[in-house]
There are 4 protein chains.
Amino acid sequence: MILIYFVFCHVLRTLLIHCKDSFNIIASVTNFIVNKKGNIVYLDQHVDREQNIFFMRIEFEFDEINFSPENFKLNFKNKLAQKFNMMWRLFTSEEKPKMGLFVSKYDHCLYDLLGRYNSKELNLEISFIVSNHTDLKHIAEKFNIPFYHIPVTKDTKAIAEEKQLELLSKYKVDFIVLARYMQIITNKIISEYPYNIINIHHSFLPAFVGAKPYHSAFKRGVKIIGATSHYVTEELDAGPIIAQDVAHVSHTFAIEDLIAKGRDLEKIVLSNAVKLHADRKVK
Amino acid sequence: MILIYFVFCHVLRTLLIHCKDSFNIIASVTNFIVNKKGNIVYLDQHVDREQNIFFMRIEFEFDEINFSPENFKLNFKNKLAQKFNMMWRLFTSEEKPKMGLFVSKYDHCLYDLLGRYNSKELNLEISFIVSNHTDLKHIAEKFNIPFYHIPVTKDTKAIAEEKQLELLSKYKVDFIVLARYMQIITNKIISEYPYNIINIHHSFLPAFVGAKPYHSAFKRGVKIIGATSHYVTEELDAGPIIAQDVAHVSHTFAIEDLIAKGRDLEKIVLSNAVKLHADRKVK
Amino acid sequence: MILIYFVFCHVLRTLLIHCKDSFNIIASVTNFIVNKKGNIVYLDQHVDREQNIFFMRIEFEFDEINFSPENFKLNFKNKLAQKFNMMWRLFTSEEKPKMGLFVSKYDHCLYDLLGRYNSKELNLEISFIVSNHTDLKHIAEKFNIPFYHIPVTKDTKAIAEEKQLELLSKYKVDFIVLARYMQIITNKIISEYPYNIINIHHSFLPAFVGAKPYHSAFKRGVKIIGATSHYVTEELDAGPIIAQDVAHVSHTFAIEDLIAKGRDLEKIVLSNAVKLHADRKVK
Amino acid sequence: MILIYFVFCHVLRTLLIHCKDSFNIIASVTNFIVNKKGNIVYLDQHVDREQNIFFMRIEFEFDEINFSPENFKLNFKNKLAQKFNMMWRLFTSEEKPKMGLFVSKYDHCLYDLLGRYNSKELNLEISFIVSNHTDLKHIAEKFNIPFYHIPVTKDTKAIAEEKQLELLSKYKVDFIVLARYMQIITNKIISEYPYNIINIHHSFLPAFVGAKPYHSAFKRGVKIIGATSHYVTEELDAGPIIAQDVAHVSHTFAIEDLIAKGRDLEKIVLSNAVKLHADRKVK
């Protein structure tokens, strides 16, 4: 019986690839998997024509008793990855990435993430919550997540980031979520977590800059409000977009209604972005 | 029989008011109308708390044989408008405003406006179409609207605007619609048509500036595209917003799909803005 | 100084009215308030032309030391409410309505409501949580809300509703929220809480009926999913709509993605409906 | 020079496949193309897990001087299509499908399709317009499209459909668009054009049935209105969905505003569905 179980035990494995586009990458990869007796169950690819970059997500199953991930990786590296100069990762859906959660005083994104986390909706592990304030400590305690208070001032910013890096390293964190953290992350942390720091911010259509964007938007009669979640890169608020959404507002909305609607958007968009990232499904 | 007809003939009249907010404007206006035996059928007001400006739209009917608009206006001016320092207008739904239509080479907004115009969906009169090119002349002819070709170059811009003003004056135009006109209107025309020039432009969430916004948006993975119609004021693209809409796009959209979706949004939003303006329903 | 404070202490009072439409209701109400030296700060009205019903929301302030709510109510009743046969309510923004929360096994709406409740976003008091199961008891405890377990079977339904009514009465509950309660409420409770029971359900465009709507929708290639919050009336799922929202989905969504998106919509729409109801702002 | 031109002249060819899902279809197809020296530029596939059907869209280029489409088709049929029992089509982007346009009295969808057609936005040929009324004849003439008037009554419906089939056959029409045709198409025509008849209808969230859905929706306070374009199958309004969109409405919308917004949605959604179909991009 146990033998039969193993014979039919198929683990879904996912291979993510990106590289400079070139002739017949798709067929080369599919051939590689078929020659090793793998069954391809899903394939999604697209080419960024502007930058000429090829992206591919391919999911497949192997007869597990004869499959060695180490062997597969070695072969793939030597036969394909080097030839096409690929960036690539192989993983199974069982591996839960570890997440470090940065917050400040706003609690709406935190509640939304923790509610989903408790409901097992998120395929990840929240290692700790860190904040420059203690306002949200009681929420971390409610949900039994370790909470660290690392104050940040202009003078102590460098030291604070050192402490944050120690925490991230101690917990072997895979990615960071800024849930309305309200502080700019410097390159010291960004360079350690490329495309692994997720931020959220609201915005308007069209954009309003300055200290009080809600007030400017309200004054001009803005009818659409949005939220954008993106990866943090060195250029402020210019990293690749992971998820977005909008809501329609009207002249009957007071400023506090606009702000409340902005919070609703922020929490849903951030949680969806975190989910996409944890499932490695960001496009 | 004719007498009875007149006795019951009620014309719906609309009064638009805005002024500095102060004590009991609403009751003063409603009292004024009731004392003259008018029946209020609709009242909408709101206060811009940031700027402390009161806005009101009130619709009412009078027994027409005893009603004199001139008398009403004179009384209203002396008893109320002066006291509260009001900006106000009185009109009936029968009066169709005259519109001057400025186009260049893009035809999607033009087709949409003319289709609706032919279907009697728009409560207005299109007096003429003017363009700096002749590409869209055949469409004007198809729909039997006078077409004028006024070329614009850097050197002839001032002269061209003179000619445009002559046309606007000759046709007694009430408001101007820039249906992808692609030229900046100077203060010479803006000052003649305050809050009576309607423009349309697409945008992204968040905003992208520069010469090729679609390419920048595409590259960053933008998921939402929008269009905004607003009044033209001296400050470029900063006038009050009349109508907006958005559409969701995905990583499977090519740049030309983004641009096509942008056109769909632009034409619907512009036509809706024109309709709101012609019906004097802009908030 | 204390005297001066009282002189300027203005409480915002709101009057909600609906009645058969008739001549000059607006002016009669505004006059009534002005004659009592009240300052009207907001007025919103509309007429349901199909059913000829007039709705009005009017907000005003009085010099509080001379104002007696009892006097006002008595006068309003005798002079206006009887004349126009009005349904009406007067309240201040300080009065927090008491809410009874019914849940079953799904937790997403519960987490969202409790998160907002803890953040003081909701102007109400959650008196208790009642469920036919114990699965969500731990969440009620986390947030320190009394939790009652009243099992419901086909045979015990009548008894269960008696127990629910006792709870509602004991806590003097003003309105009920069914946060994915998954049980049909009978007329025994509905008749005690007319237009005071709020329900939420997802739906598709167009609608799918039967036991597995998500599967039917998925099979047909549905591109839009929605959620609707409405008042519970005797006719199943046919009461007045309070709030709605939609999301765009695509052929790349698996059934579980559709269901997850449905949960996001449900929680936001229900929480927004609860907020509108508690603020007495349902249109 | 001409020779060089031909050597580099690559025509983009698209292969659409669907069949029962089975082991390694993807790799078999990609291998087939690579072995013939084709360059795959795009591949999109998904599996309908409910019905176990595999769908694939693959785009590739060949060195055209050595490529024979007839040869390719014969080989593909013998080596792959038979083995996997595939439904498949091969085409190039140059082939414009011929469209027959059915209308009645509403003109908004007609104007939108003709405007785009004139702007070369649609990759298709409109062979003729047919209507059971003559109201829209003047529009067909404006745009120089042959117009046929085939009246339909209960008694003459069978004869009318015969005449319609003659027209469709005479013009060698590939697909039919019902642009608010308002008549039920019987199986006589449907069976000749399986998945080649496109319909549009508005709907609400949730759905309202009966003769006056706008009035029912309005009365219940509906906040979202939508439009759905789908293929016509024997079961009324139950065919696969091609495109959908929604708009938010509010209690300030009168019934005529709802209807106007419904028209805007219908025309955009229908035109987008027609475009997707003509580009063979329906999912």
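Helices and strands here are DSSP runs, numbered from the N terminus, and with that convention Tyr106(C) can be placed in the loop between β5 (98-103) and α4 (108-118) of chain C. The model on your screen is a predicted one, and the tour below starts from that loop before moving on to a whole chain, the two interfaces and a set of charged pairs.

**Stop 1: Tyr106 of chain C**

Select Tyr106(C) and show its surroundings. With a relative accessible area of 41%, Tyr106(C) is partly exposed. Leaving aside residues up to four places away in sequence, Tyr106(C) touches Leu136(C), Arg180(C) and Met182(C). If you then add Gly239(C), which is 133 residues from Tyr106(C) along the chain, you will find that the two C-alpha atoms are separated by 23 Å.

**Stop 2: chain A as a whole**

Hide the other chains and colour chain A by secondary structure, which brings up nine helices and eleven strands. The C-alpha trace of chain A spans about 65 × 40 × 40 Å along its principal axes. Of the 283 residues in chain A, 55% are buried. Among the contacts in chain A with a separation of 6 or more, 66% are accounted for by residues 24 or more positions apart.

**Stop 3: the interface of chains A and B**

Bring chain B back beside chain A and select the residues in contact, which number 36 in chain A and 36 in chain B. Together the two chains bury about 2900 Å², and 61% of that area is on carbon and sulfur atoms. There are zero salt bridges across this interface, while the count of residue pairs in polar contact, both at pLDDT 80 or more, is ten. To see what chain A brings to the contact, highlight β2 (39-48), β9 (197-204), α8 (213-220), β10 (224-231) and β11 (241-248) of chain A, each of which gives two or more residues to the side that touches chain B. β11(A) has the largest share of that side, with seven residues. Coloured by class, the side of chain A that touches chain B shows 15 nonpolar, twelve polar and nine charged residues.

**Stop 4: the interface of chains C and D**

Now switch to chains C and D, where the contact takes 36 residues from chain D and 36 residues from chain C. This pair buries about 2900 Å² between them, with 62% of it on carbon and sulfur atoms. Ten residue pairs, both at pLDDT 80 or more, are in polar contact across the interface of chain D and chain C, and β11(D) supplies the largest share of the side of chain D that touches chain C, namely seven residues.

How can chain D be laid on chain C? A turn of 180° with a shift of 0.0 Å along the axis does it, with an RMSD of 0.1 Å. That is the relation of a two-fold axis. The same surface serves both copies, since 100% of the contact residues of chain D recur in chain C.

**Stop 5: Gln45 of chain A, beside chain D**

Go back to chain A, keep chain D visible, and select Gln45(A) in strand β2 of chain A. Is Gln45(A) buried or exposed? At 3% relative accessibility, Gln45(A) counts as buried. Its neighbours, not counting residues up to four places away in sequence, are Ile26(A), Phe54(A), Phe55(A) and Met56(A), together with Val41(D), Tyr42(D) and Leu43(D). The side chain of Gln45(A) reaches the backbone oxygen of Leu43(D) at 2.9 Å.

**Stop 6: charged pairs**

Over all chains the count comes to 40 salt bridges. In chain D, select Glu266(D) and Arg180(D), which form a salt bridge whose closest N and O atoms are 3.2 Å apart. Glu266(D) lies in helix α9 (residues 255-278) and Arg180(D) in the loop between β8 (175-178) and α7 (187-190), so the pair ties together parts that are 86 residues apart in sequence. Glu266(D) counts as buried at 2% relative accessibility, and Arg180(D) is buried with a relative accessible area of 12%.

Stay on helix α9 of chain D for Asp264(D) and Lys261(D), which are three residues apart, about one turn of the helix. Their salt bridge has its closest N and O atoms 4.0 Å apart. Asp264(D) counts as buried at 5% relative accessibility, and Lys261(D) is buried at 17% relative accessible area.

For the last selection, show chains A and C together: salt bridges that share partners join Asp112(A), Arg116(A), Glu121(A), Lys275(A), Lys261(C), Arg263(C), Asp264(C) and Lys267(C) into one network.

Notes
Residues numbered from 1 in each chain as written. Chains lettered and ligands numbered in written order. Predicted model: local features only at pLDDT ≥ 70, side-chain atom pairs only at ≥ 80, totals over all residues. Heavy atoms only, no water. Contact = heavy atoms within 4.5 Å. Buried area = accessible area lost by both parts, 1.4 Å probe. Polar contact = N/O pair within 3.5 Å; in protein donor to acceptor, adjacent residues only side chain to side chain. Helix = DSSP H or I, 4+ residues; strand = E, 2+ residues; numbered from the N terminus. Least-squares fit on C-alpha atoms with pLDDT ≥ 70 in both. Salt bridge = Lys/Arg side-chain N within 4 Å of Asp/Glu carboxyl O. Nonpolar A, V, L, I, M, F, W, Y, C, P; charged D, E, K, R; others polar. Buried < 20%, exposed > 50% of the residue type's maximum accessible area, 1.4 Å probe, protein only.
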